[in-house]
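User: Please take a close look at one part of this model and follow it outwards into its surroundings. What should a first-year student see there, and what does each term mean?

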Amino acid sequence: MTEKKTPFYDIHCRLGAKMIPFAGYLMPVMYDSMIAEHLRVRQAVGIFDLTHMGEFEISGAGARAFVQRLVTNDLDRLSENQVMYTCMCYEDGGIVDDLLVYNFADRIFLVVNASNIAKDYAHIEKYLPSDVQLKNISDETSLIAVQGPLAAKVMSSLTDYPLENLKYYHAAFGVVAGEEIMFSRTGYTGEDGFELYMPNHLAEKLWEACYDAVVDSGGGPVGLGARDSLRLEMKFALYGNDIWEETNPLEAGLGWVVKFDKQDFIGKKALVGIKEKGLKRKLIGFQMPGKVFPRQHYSIYDGGRKIGEVTSGVFSPSLKTAIGMGYVPVEYAELDRQFEIDVRGQRHPAKVVKTPFYKAAARK
């Protein structure tokens, strides 16, 4: 398969990015070093190309009621222009995807994971009622993220929109760098930040404006490598690593986005049954001493017994220690429980720790 290029491809190459195939696109994994890019987001500000993500519009008379049935979280709790993190589940409670739902006056806007665009669209279309329209606008939409403690400073230099009125997980329509676009105070790094959505023909202009403002604030570009370590420090799940169709939101630590008190949603019956029977396993965060660090699929052992697998692992640039996640039986999920990780044939100690691993600065 020939990978697509985002409208920022030539810019990434000019900036010296290492490009790799990812979710059907050629994407920058890093520009200078993953550690430097990670720390610039924690300490200053970074700019990301997230155009590979998928965007759907759902509209029509029955749109709100349909999305309410489609996702596990409660759409009725959202005000206009508010954003919600949630899951879509199969009938058996397995996770189709984790996603964002934007509640606009005239439509519902979904942001889905890049690798799941076709699968998600087919899942939604399967349940689509006659009074609801579904449109995939992923290929015509570009997405820039500006993340870090100085993100608001960057945005305030680009827009006259009163950012003090834009709360976390809310969206706005305003002029940014001379163009009317939609942007939201969202992100997957744990820091303050904004995500800017635009038609492709505005992409290069918006990138250049944002990039210049980011650099002026002491920041720079950030690739997929640092994006992964940033989200892992917050114990944010990654679809395909930490959650997939054979996991459910309850064992994945996402029970907070499952609202059992709302009316029926796809997968509710199965999730009620899982909750009543009790969980058999949980997704835990663990820490390892020393210089070794875990990777996906490394085995987790208690003595001679394999009890699970690492789903995500990294050497944390912020904490300067190895961290990871994995599913283990519930009796191994309590804090400070110790076990071992098999790293290239050698067992290394690890223990369950409180998450998120990193505590980001409070948002103003």
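Analyst: Contact here means heavy atoms within 4.5 Å of each other, and helices (H or I, at least four residues) and strands (E, at least two) are DSSP runs numbered from the N terminus. This is a predicted model, in which local features need pLDDT of at least 70 and side-chain atom pairs count only at pLDDT 80 or more, whereas totals for chains, interfaces and linings use all residues. Residues are numbered from 1 along each chain as its sequence is written, and side-chain values use heavy atoms, with hydrogens and water left out.

The part to look at is helix α2, together with the pocket that it helps to line. In α2, the residues E37, H38, R40, V41 and R42 are buried, a word that stands for under 20% relative accessible area, while exposed stands for over 50% and partly exposed for what lies in between, with a 1.4 Å probe and protein chains only. These buried residues of α2 pack against the strands β3 (25-30), β4 (46-49), β10 and β14 (220-221), and also against helix α7.

Two of these partners, β10 (141-147) and α7 (224-233), appear again with α2 (34-43) among the elements that each give two or more residues to the lining of the largest pocket. A pocket is an open set of points on a 1 Å grid over the protein atoms alone, where a 1.4 Å probe fits and protein lies on both sides within 12 Å along at least five of seven lines, and its lining residues have an atom within 4 Å of a point. The largest pocket has a volume of about 1,100 Å³, where volume is the space filled by probe spheres set on the points, which are joined across faces, edges and corners. Of the 49 residues in the lining of this pocket, L224, R227, D228, R231 and L238 are the closest to its centre. Helix α7 gives the largest share of this lining, with eight residues, and the other elements with two or more lining residues include β2 (18-22), β7 (95-103), β8 (108-112), β13 (193-199) and β17 (305-316). Sorted by class, the lining has 30 nonpolar, 13 polar and six charged residues; here Ala, Val, Leu, Ile, Met, Phe, Trp, Tyr, Cys and Pro count as nonpolar, Asp, Glu, Lys and Arg as charged, and the others, Gly among them, as polar.

One of the lining strands, β2, leads to a backbone detail that is worth finding in the model. Residue A23 sits in the loop between β2 and β3, and A23 has a positive phi of about 55° although A23 is not a glycine. Because its relative accessibility is 32%, A23 counts as partly exposed. A second case is N81, which is in the loop between α3 and β6 and has a positive phi of about 70°, although N81 is not a glycine either. N81 is also partly exposed, since its relative accessibility is 21%.

Strand β6 (82-89) then brings us to the second largest pocket, to whose lining β6 gives the most, with four residues. This second largest pocket holds about 520 Å³ of space, and of its 23 lining residues the closest to the centre are Y85, Y188, F236, L254 and W256. By class, its lining is made up of 15 nonpolar, five polar and three charged residues.

On the other side of the loop that holds N81 is α3, and the packing of this helix can be followed in the same careful way. Two packed helices are described by the angle between their axes and the distance between the axes. For α3 (63-70) and α4 (117-127) the angle is about 120° and the axes are 11 Å apart, where axes are lines fitted to C-alpha atoms, for helices over the stretch in contact, and angles run from 0 to 180 degrees between N-to-C directions. In this packing, F66, R69 and L70 of α3 meet H123, I124 and Y127 of α4. The residues of this contact divide into four nonpolar, one polar and one charged.

Beyond α4, the loop that leads to β9 (133-136) holds S130, which is exposed because its relative accessible area is 79%.
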